[in-house]
Amino acid sequence: MTKRKDIEEPINHERWLVSYADFITLLFAFFVVMYSLSSLNEGKYRVMSNSVVTAFGKFKTVGDNAENNDPKLNPGPGAGPGNGVGSGPGPGLSELHRKPASRTEPLKEERDKMTGLAHGILSALAPLIREGKVKVTQTSRGVSIDINASVLFAVGDAKLTPQSSQALIAIASVLTSDNHEIQVEGFTDNAPIKSALYPSNWELSAMRAGSVVRLFMNNGIEENRLTAIGQADKSPVGSNDTPEGRARNRRVNITILALLPDKQTDVPIEPATPVNTDAGP
């Protein structure tokens, strides 16, 4: 009788593929979790946090202050969902990304620009300022230049005198390279006027403001920066009962308007502070 030979089972050399496949699956799951955490938002973070906390059975909700006083396990208000994942008080991720830009720096830059313009105009009009016929002031609106009408016009007229043209050209030379808007206002005293050209003080004050605007345009200032306003005898700066007061009320005011962030013209650049100390009429 023939003896039966033992059949040897073949050796499987690919058993490592099972472990390798498990490893790849776990690695894939790991990177999926990492990706989901990298695109974190408040809603997903809250759901994930509550699920993890419930699974471990340590807290009812994330940051349950009523049952946990340990600062490590119960982070402060700066570490809750929506504020990042760090512990303790302080700005979270959302707060850091949404932190508003500081308004201090733009205001300071604009104030410095206004101050530079004011000093440039002071230098250009120094003789008239010493005579008390011009006053330059920096206010919350910008830089204000008050010019006595006697410097610019004859009584009852809106035609610029040669002396006034020189003064206004000096102002225009300072403002040509600037980009701020310019508002020109004409003022009169309360003495009534009635002529073919100027039926009332309204027309006279408006024509005087227009004459200044036209000179600025002819000397290189863009038209879209200029505004002419007639104020007649409104807003007097002196008493209309005296010749001196009426002379002060006859004036032209030129205001270089400040550029404020977000067009919030109610935000002051600087309290009203005279740039020069020789405050004349």
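**Exercise 1.** Determine in which sense β3 and β4 pair, and over how many bridges.

*Solution.* Begin with the elements: helices (H or I, at least four residues) and strands (E, at least two) are DSSP runs, numbered from the N terminus. Two strands count as paired if DSSP finds at least two bridges between them. Strand β3 covers residues 182-187, and β4 covers residues 226-230. The two pair in the parallel sense over five bridges, with Ile182 opposite Leu226 in β4. Helix α8 (residues 201-218) joins β3 and β4 in a right-handed β-α-β unit; right-handed means that, with the strands pointing away from the viewer, the path from the first strand over the helix to the second runs clockwise.

The model is predicted: local features need pLDDT of at least 70, side-chain atom pairs count only at pLDDT 80 or more, and totals for chains, interfaces and linings use all residues. Residues are numbered from 1 along each chain as its sequence is written, and side-chain values use heavy atoms, with hydrogens and water left out.

**Exercise 2.** Identify the sense in which β3 pairs with β5, and state whether the faces of β3 are covered or uncovered.

*Solution.* Strand β5 (residues 251-257) pairs with β3 in the antiparallel sense over six bridges. Here Ile182 stands opposite Ile256. For the faces, recall that in a regular strand the side chains alternate between the two faces of the sheet. Ile182, Val184 and Gly186 lie on one side of β3, and Gln183, Glu185 and Phe187 on the other. All of these are buried (under 20% relative accessible area, 1.4 Å probe, protein chains only), and both faces are therefore covered.

Definitions and conventions. Buried < 20%, exposed > 50% of the residue type's maximum accessible area, 1.4 Å probe, protein only.
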